[in-house]
Amino acid sequence: MKYDFTSIIDRRGRDAIAVDGLKGDGFSPAPPKEGFDVIPMWVADMNFPTVPTIQEAIIERAKHPAFGYFQAPAEYFDSIIRWHETRNGVTGLKPEHIGYENGVLGGVISALNCVCSRGDKVLIHSPPTSASPRA
């Protein structure tokens, strides 16, 4: 499948922080000076079209009205295993070798288990609330 990395997508009016959310508030950069255009060049903010099969899968899933926690299907693990075999030459990877988390807390615990031992002390800062000033 070919991917389109050349089309320019106008993201104005689509809640994109890189173009609509420029405030200079510590989270996003300030808007450009008068007479200059916004150039969204953020590392994690991709400005190329998503592969159509991803859009189709999201639309199909969104047709069901409940969005609670779910168990990952076998296809989820199979696709990760195939990807690692194809891209990285990894063989012998099994579903039980792949971690899956439905929530933030489980993800934090899984990450900490990679770098901490049982009984280690860990300090976790709570996220800022809307009333908290940003640095």
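**Note on the predicted model**

1. Asp15 sits in the segment before α1, and its phi is near 65°, which is a positive value in a residue other than glycine. With a relative accessible area of 74%, Asp15 is exposed, the cut-off for that class being over 50%. The model under review is a predicted one, and this backbone value should be read as a computed property of that prediction.

2. As to confidence, the mean pLDDT of the chain is 85, and 92% of the residues reach 70 or more. Among the elements of the chain, the highest mean pLDDT, 96, belongs to helix α2 (residues 74-88), while the lowest, 88, belongs to helix α3 (residues 104-115). Where pLDDT is low, the predicted coordinates should not be read in detail.

3. Helix α2 contains 15 residues and spans 21 Å from its first C-alpha to its last, a value close to the 21 Å expected at 1.5 Å a residue. The helix is followed by Gly89, and the phi of Gly89 is positive, near 70°.

4. The structure holds three aromatic pairs. In one of them, the ring centres of Phe70 and Tyr100 are 5.9 Å apart and the planes stand at 55°, so this pair is classed as tilted. Phe70 belongs to the loop between α1 (52-62) and α2, whereas Tyr100 belongs to the loop between α2 and α3, and the pair therefore ties together parts that are 30 residues apart in sequence. Phe70 counts as partly exposed because its relative accessibility is 47%, and Tyr100 is likewise partly exposed, at a relative accessible area of 25%.

5. Tyr100 also pairs with Tyr76: here the centres are 5.1 Å apart and the planes stand at 80°, so the arrangement is edge-to-face. Since Tyr76 lies in helix α2 and Tyr100 in the loop between α2 and α3, this contact ties together parts that are 24 residues apart in sequence. Tyr76 has a relative accessible area of 31% and is partly exposed. Taken with Phe77, the residues Phe70, Tyr76 and Tyr100 form one aromatic cluster.

6. The largest pocket encloses about 450 Å³ of space. Its lining includes Phe70 and Tyr76, both of which are also members of the aromatic cluster. The other lining residues are Tyr3, Val51, Thr53, Ile54, Ala57, Arg61, Ser79, Trp83 and Arg87. Helices α1 and α2 each supply at least two residues of this lining. By class, the lining of the largest pocket divides into seven nonpolar, two polar and two charged residues; a reader weighing that division should bear in mind that Tyr and Trp are counted as nonpolar here.

7. The second largest pocket holds about 370 Å³ of space and is lined by 16 residues, of which Ile9, Phe48, Pro49, Thr50 and Val51 lie nearest its centre. Val51 is named in the lining of the largest pocket as well. The lining of the second largest pocket comprises 10 nonpolar, three polar and three charged residues.

Notes
Residues are numbered from 1 along each chain as its sequence is written. This is a predicted model: local features need pLDDT of at least 70, side-chain atom pairs count only at pLDDT 80 or more; totals for chains, interfaces and linings use all residues. Side-chain values use heavy atoms; hydrogens and water are left out. pLDDT is the predictor's confidence in each residue, from 0 to 100. Helices (H or I, at least four residues) and strands (E, at least two) are DSSP runs, numbered from the N terminus. Rings of Phe, Tyr and Trp (its six-membered ring) pair if their centres lie within 6.5 Å; planes under 30 degrees apart count as stacked, over 60 as edge-to-face and the rest as tilted. Buried means under 20% relative accessible area, exposed over 50%, partly exposed in between (1.4 Å probe, protein chains only). On a 1 Å grid over the protein atoms alone, a cavity is a set of points where a 1.4 Å probe fits but cannot get out, and a pocket is an open set with protein on both sides within 12 Å along at least five of seven lines; lining residues have an atom within 4 Å of a point. Grid points are joined across faces, edges and corners, and a volume is the space filled by probe spheres set on the points. The expected span of a helix is 1.5 Å times one less than its number of residues.
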